[in-house]
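New to this one? Here is a quick briefing to read alongside the sequence and the 3D view.

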Amino acid sequence: KVTGVQTCALPICTLDLVSAAGSVLVLVVSLEIVSAHARFSADAPKGSAHRATVAATAWSWLLVLCALAAIVLTLFRETFLETLGLGGVAEDIAAPAVVLWIALVLQYMVQNHLRWESRVTHFAAVSLLQGIATLGLGTWLVVGLGQGARGALTATATGVTAAVVLGMYFLRKDLQTRPDPSLWRPMIQFCLPVAAGNLVLVAAQNADRFVIARMAGLEDLAQYGIALRFGMIASLVAGSAQMAVGPMVYDNQSSAHLTGALRQVTSAYALCGAALMSSFSFFAPELVGLIASSRYAGSASLVGMTKIGRAHV
């Protein structure tokens, strides 16, 4: 049972730990079928029947893995959350946490499928729906009904699930194509080494939350979590640039202008990233004061560190 000063830090800590676990579970559950989908799709022209078959094959595998993961996580949800250090609220947040974790795996596939097909408008619509649904429902549940961490997780899970449903609607033609079982073996051989490497990397990147929660306590994790919110902004910028560059390279690999275009994109990203990190670090005390009480003022000193780390992910 969580009491006293830790109660104030609990919502932030809960979100951080559940989010960190979700980042790892996305790779564990999906086994990086997303990477295999991207690799094998690059061998076929856009709009071709073979490209749609590759997508349908990847999706069929992912859906089977998600179904198995949903069963396991549902059966052992409270045990898993207690292992994360959230035993005091495990029963209360178990359901939205499991829904969020499975939805994140599907969202990972949806977003990457859309971007590899260069469907920018659909990608933006999916992201916009997720943001609006999460923010709107979160405001009602957390501010209006006072549901705290459970309300925030419910809103996040709902937003991600809504984005997945819309994305799968946009991709319905590919999803209706018949999978090709002969592609499973080469796709598995390609993605398993990638999954292993990425899993180690992502686990290392998210281990800090679990170490702080276990060794220092929820109050220190809350301090760190507030600063990390600003780091996530840098991560979003970096991730957006990387997600845009990948399909551009594949689509224009034979172009003589590709090298110059990449140089311009890299320079612009470096300039914007430096400005972003500098401005957020400089105004960190004021920004932290806008989203947290004075008791968390010490988080401002961590903003620069978390932003630099996230910008290089």
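Tyr169 is partly exposed, with 48% relative accessible area. Hovering over the ring of Tyr169 is the charged end of Arg172, 4.1 Å from the ring's centre. Keep in mind throughout that this is a predicted model.

**Rings that pair up**

- Going by the ring-pair rule, you'll find 3 aromatic pairs here.
- Phe80 and Trp101 make one of them, an edge-to-face pair with 5.2 Å from centre to centre and 90° between the planes.
- Phe80 belongs to helix α4 (residues 77–83) and Trp101 to helix α5 (residues 90–116), so this pair ties together parts that sit 21 residues apart in sequence.
- How covered are these two? Phe80 has 28% relative accessibility and counts as partly exposed, while Trp101, at 2%, is buried.
- Tyr169 pairs with Phe170: the ring centres are 6.1 Å apart and the planes meet at 55°, so this one counts as tilted.
- An angle counts as tilted because it is neither under 30 degrees, which would be stacked, nor over 60, which would be edge-to-face.
- Phe170 is buried, with a relative accessible area of 16%, whereas its partner Tyr169 is partly exposed.

**Arg39 and helix α2**

- Arg39 has its charged end over the ring of Phe40, 5.9 Å from the ring's centre.
- The side chain of Arg39 also meets that of Asp43 in a salt bridge, at 2.7 Å from N to O.
- In terms of cover, Arg39 is partly exposed at 32% relative accessible area, and Asp43 is exposed at 54%.
- Helix α2 spans residues 33–41 and is mostly covered, with 8 of its 9 residues buried.
- Which residues of α2 are the buried ones? They are Ile33, Val34, Ser35, Ala36, His37, Ala38, Phe40 and Ser41.

**Salt bridges**

- The salt-bridge count comes to 2.
- Besides the Arg39 and Asp43 bridge, there is one between Glu117 and Arg51, whose closest N and O atoms are 2.8 Å apart.
- Glu117 lies in the loop between α5 and α6 (120–144), and Arg51 lies in helix α3, so the bridge ties together parts that are 66 residues apart in sequence.
- Both ends of that bridge are tucked away: Glu117 is buried at 16% relative accessible area, and Arg51 is buried at 7%.

**A nonpolar spot on the surface**

- Ile71, Val72, Leu75 and Phe76 make a nonpolar surface patch of about 420 Å².
- Where does Phe76 sit? You'll find Phe76 in the loop between α3 (49–75) and α4.

**Cysteines**

- How many disulfides turn up in a search of the whole structure? The search finds 0.
- Cys66 is buried, with 5% relative accessible area.
- Cys191 is buried too, at 0% relative accessibility.

**Far along the chain, but brought together**

- Leu114 has its place in helix α5 and is buried, with a relative accessible area of 0%.
- Leu114 and Leu171 are 57 residues apart along the chain, yet their C-alpha atoms are separated by 7.8 Å.
- Arg150 sits in helix α7, which covers residues 148–170.
- With a relative accessible area of 30%, Arg150 is partly exposed.
- Arg150 and Ala97 are 53 residues apart in sequence, with 8.7 Å between their C-alpha atoms in space.

**The overall picture**

- How many helices and strands does the chain have? There are 13 helices and 0 strands.
- Following the sequence from end to end, the pattern reads α-α-α-α-α-α-α-α-α-α-α-α-α.
- The chain has 313 residues, and 42% of them count as buried.

Key: Residues are numbered from 1 along each chain as its sequence is written. This is a predicted model: local features need pLDDT of at least 70, side-chain atom pairs count only at pLDDT 80 or more; totals for chains, interfaces and linings use all residues. Side-chain values use heavy atoms; hydrogens and water are left out. Rings of Phe, Tyr and Trp (its six-membered ring) pair if their centres lie within 6.5 Å; planes under 30 degrees apart count as stacked, over 60 as edge-to-face and the rest as tilted. Helices (H or I, at least four residues) and strands (E, at least two) are DSSP runs, numbered from the N terminus. Buried means under 20% relative accessible area, exposed over 50%, partly exposed in between (1.4 Å probe, protein chains only). A charge sits over a ring if NZ of Lys or CZ of Arg is within 6 Å of the ring centre and within 35 degrees of the ring normal. Patches are made of residues with over 30% relative accessible area and no salt bridge: like charges are joined within 9 Å, nonpolar side chains (Val, Leu, Ile, Met, Phe, Trp, Tyr) within 5 Å. Accessible areas come from the Shrake-Rupley method with a 1.4 Å probe; for residues, only the protein chains shown count as cover. A salt bridge is a side-chain nitrogen of Lys or Arg within 4 Å of a carboxyl oxygen of Asp or Glu. A disulfide is a pair of cysteine sulfur atoms within 2.5 Å.
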